[in-house]
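Me: Pick one part of this model and walk me through it closely, please. Start from a single residue and work outwards, and tell me how far to trust what I'm looking at.

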Amino acid sequence: MQLAGYEILQGKHLSFRALEQKNFTYMKSLGSYYSEENIRIRLAKNRSKVKTPKHLSREAQQHISDVDASVKAVDPKIAQLNSELSTQKLIQKHCDSYRLCRKVIEDCKFAKNPKAYRSKHQAEYKLHDSLKKELQALGVTKIPSSNKILKRIENLESEQATTVRKKQELQKKQKTLDIIRQNFTALLDAPEISSDLLPAKREPISVTRDK
């Protein structure tokens, strides 16, 4: 991996960092397939031209599949939150308009000529009835307060942002695992690896850091 340009750090747990990476990746965070012990076993098997145990390959594939499944599982949640958010914003808009129309209708009782008043505000009366039906279709039978609707929207937006961040983190891990899988596959498929290139177990490896 050092020959491939990776920076290796041997502490309590082996970690590495590619040139484009900001932080080190701990081997233990990638699953047991990529543990230092299992990697050494596969490298030793490779040098002896002995086939890698199948259970290790299945375990690694399962780990990658689990991450892929986690990424896909987030999409329906994001779609659901987007839909709920759009619905609440539509309800908010309808409720604001409904309250204005309702105010016009209630003021009719103070008019000197109620019939003339209703004729003048015919558009508001029609819109009031239309909005009432649309809100009922959205499941709103009692007009909520502006603050209550706003709170719902804020909670949904917060949950939406959290879910999107979760997906981004999973995608980042997914990408890292894919790069690692490709690199290790290339190393394990190599015809022979000199034992001189393998660090002794648990002995510190020199680290070159940019100044």
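Reply: **Around helix 3 and helix 4**

Y117 counts as buried, at 16% relative accessibility (buried is under 20% relative accessible area, exposed over 50%, partly exposed in between, with a 1.4 Å probe and protein chains only). Before going on, some housekeeping: this is a predicted model, in which local features need pLDDT of at least 70, side-chain atom pairs count only at pLDDT 80 or more, and totals for chains, interfaces and linings use all residues. Residues are numbered from 1 along each chain as its sequence is written, and side-chain values use heavy atoms, with hydrogens and water left out.

Back to Y117, which sits in helix 3, residues 114-120 (helices are DSSP runs of H or I, at least four residues; strands are runs of E, at least two; both are numbered from the N terminus). Leaving aside residues up to four places away in sequence, Y117 touches V104, D107, C108, A111 and Y125 (a contact means heavy atoms within 4.5 Å). Take D107 from that list: D107 and Y117 are 10 residues apart in sequence, and their C-alpha atoms are 9.2 Å apart.

Y125, also touched by Y117, leads us into helix 4, where the buried residues are Y125, H128, L131 and L135. These four lie on the same side of helix 4, because they cover an arc of only 130 degrees around the axis (the arc is that of the directions from the helix axis to the C-beta atoms). An α-helix has 3.6 residues a turn, so residues three or four places apart point the same way. Flip to the face turned away from the buried side and you'll find the exposed residues A123, K126, K133 and A137.

What about the length of helix 4? Its 16 residues, 122-137, should span 22 Å at 1.5 Å a residue, and the end C-alpha atoms are 23 Å apart, which agrees (the expected span is 1.5 Å times one less than the number of residues). Just after helix 4, G139 takes a positive phi of about 90 degrees.

H128, in helix 4, deserves its own look. H128 is buried, with a relative accessible area of 4%. Its contacts, not counting residues up to four places away in sequence, are Y98, C101, R102 and I105.

So much for the close-up; now for trust and context. Helix 4 has the highest mean pLDDT among the elements of the chain, 95, and helix 1 (residues 36-47) the lowest, 71 (pLDDT is the predictor's confidence in each residue, from 0 to 100). The chain averages 80, and 75% of its residues score at least 70. Be wary of residues 201-211, where pLDDT is below 50; this stretch has 22 contacts in the model beyond near neighbours in sequence.

Zooming out, the chain has 5 helices and 3 strands, in the order β-β-β-α-α-α-α-α. Of its 211 residues, 28% are buried. Among contacts with a separation of 6 or more, 69% are between residues 24 or more positions apart.
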